[in-house]
Amino acid sequence: MSFQLKRKLLASIEGCRPSLHNGQLMVSTGNFSLDHIIGGGLPLGSILLIEEDKYNSYAKVLCRYFLAEGVYRRHPLFLATKEEPAHDFVRKLPQAVEEEIQKVIDKRPAEEEMRIAWRYNDLPRVSLEQGSRRDYHFDLSKSVTPEAVKACSVTCWGDEGCFAELEKSIGEKLSEQHEKCLRICLKSLGSPLWWTRDDFPGKLVRFLTLLKSRMRSSTSVCMISMPTHLFACLDKSLLARVRDLVDFCVEIESFSGADAETNVMYREYHGLVHIHKLSALNTLAPFRPETYDLAFKQRRKRFVVEKLHLPPDISELSDTLIPRPSFACTSGASGARGLDF
């Protein structure tokens with residue numbers, strides 16, 4: 001099959017579009033801000049690793065985005081998880097909401113000009129949110145309808161086996177002829193429920209090696225979430241070996257239960273996003289993000305990745321939050337009124 005013919009077949013896949021950076025065909029992860037920081041989406045045949053936060057509160061949201069995009073595009077889905085029933089996880093996917101893109105012209109009134117410094121008035125306003133607007137988004141406060149799930153082929157894999165059985169099930173699904181992109185989601189792969197007494201690190205590495213070789217010759221994409229913070233107690237070299245076997249690697253660091261949760265510098269965010277690996281597949285022009293200083297917000301309806309923006313002057317911010325002792329004279333028995341000298 002010639003390159004041009006193969007490119008036409010890939011371009012005919014629903015939801016597949018060329019990248020603005022190198023023209024490579026790719027599909028969306030479902031979260032447009034996540035697409036932006038990895039180069040516009042996932043190339044066909046690639047694997048994205050999401051390193052879970054400590055309590056797995058936010059990584060599973062990205063898995064829901066990934067599957068919800070497949071439901072919206074009517075892609076066949078393959079979900080494997082041992083943490084909860086796979087069918088229940090599919091029923092909680094966010095619903096796609098179509099919206100009209102409105103062009104907003106920034107007309108800054110004279111009274112709203114920046115008063116911090118006169119030289120900032122001529123600078124353009126910069127949006128911190130990563131990713132471009134599209135004609136639809138996924139609302140986390142609404143669940144997908146059962147009719148939408150039935151419209152696409154969904155394969156759920158539970159706790160009926162370990163890596164060998166999972167690899168066999170994925171191989172059978174990949175061997176089928178698909179005119180659409182197959183989305184494979186492996187949620188919390190490598191969690192303690194997967195641990196065995198006989199060489200768990202070796203089995204995990206072997207599984208990822210076979211999976212990567214199968215993905216390369218398919219029109220599929222795969223998202224894997226792993227609690228990699230637990231791998232240190234098993235094998236210190238396991239994390240590096242896992243990262244080598246995936247194409248993209250993004251870590252979610254949550255502020256929950258950490259000192260940063262009460263830090264005034266991060267009060268607008270719920271955690272940080274670390275990019276550990278970006279591969280260049282079938283292209284000589286690798287993608288480089290605008291910045292590696294990224295943070296995320298978990299809103300009621302959306303999960304948003306933004307450029308990390310710290311307050312301009314931490315000392316001024318702390319002055320407004322921490323009361324300073326002062327002398328005061330009061331009048332009246334209650335002492336409700338005070339005058340500072």
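1. Let me start with helix α6, residues 163-175. Its 13 residues reach 18 Å from the first C-alpha to the last, close to the 18 Å expected at 1.5 Å a residue. Please keep in mind, here and below, that this is a predicted model.

2. Which residues of α6 are buried? They are Phe163, Leu166, Glu167, Ile170, Gly171, Lys173 and Leu174. These residues cover an arc of only 165° around the axis, which puts them on the same side of α6. The general background is familiar: an α-helix has 3.6 residues a turn, so residues three or four places apart point the same way.

3. What about the opposite side of this helix? The face of α6 turned away from its buried side carries the exposed residues Ala164, Lys168 and Ser175. On the buried side, the cover includes four strands and a helix that are easy to find in the viewer: β5 (77-80), β8 (154-157), β9 (182-186) and β10 (220-226), together with α7 (200-216).

4. Helix α3, residues 59-73, makes a nice companion to look at. Its 15 residues should span 21 Å at 1.5 Å a residue, and the end C-alpha atoms lie 22 Å apart, which agrees. This helix is mostly covered, with 13 of the 15 residues buried. Just after α3 comes Arg74, and its phi is positive, near 60°.

5. I would also draw your eye to His137, which sits in strand β7 (residues 136-143). Is His137 buried or exposed? With a relative accessibility of 14%, it falls under the 20% cut-off and therefore counts as buried.

6. The surroundings of His137 are worth a look too. Its side chain makes a polar contact with the side chain of Arg302, at 3.1 Å. Leaving aside neighbours within four places in sequence, His137 is in contact with Phe32, Gln95, Ala96, Val97, Glu99 and Arg302. Arg302 thus appears both in that list and as the polar partner.

7. Finally, some figures for the chain as a whole. The protein chain has nine helices and 16 strands, and 42% of its 341 residues count as buried. Of the contacts between residues at least 6 apart in sequence, 73% join residues at least 24 apart. The accessible surface comes to about 19500 Å², and carbon and sulfur atoms account for 51% of that area.

Notes:
Residues are numbered from 1 along each chain as its sequence is written. This is a predicted model: local features need pLDDT of at least 70, side-chain atom pairs count only at pLDDT 80 or more; totals for chains, interfaces and linings use all residues. Side-chain values use heavy atoms; hydrogens and water are left out. Helices (H or I, at least four residues) and strands (E, at least two) are DSSP runs, numbered from the N terminus. Buried means under 20% relative accessible area, exposed over 50%, partly exposed in between (1.4 Å probe, protein chains only). Contact means heavy atoms within 4.5 Å. Accessible areas come from the Shrake-Rupley method with a 1.4 Å probe; for residues, only the protein chains shown count as cover. The expected span of a helix is 1.5 Å times one less than its number of residues. The arc is that of the directions from the helix axis to the C-beta atoms. A polar contact is a pair of N or O atoms within 3.5 Å; within protein, one must be able to donate a hydrogen and the other to accept it, and residues adjacent in sequence count only if both atoms are side-chain atoms.
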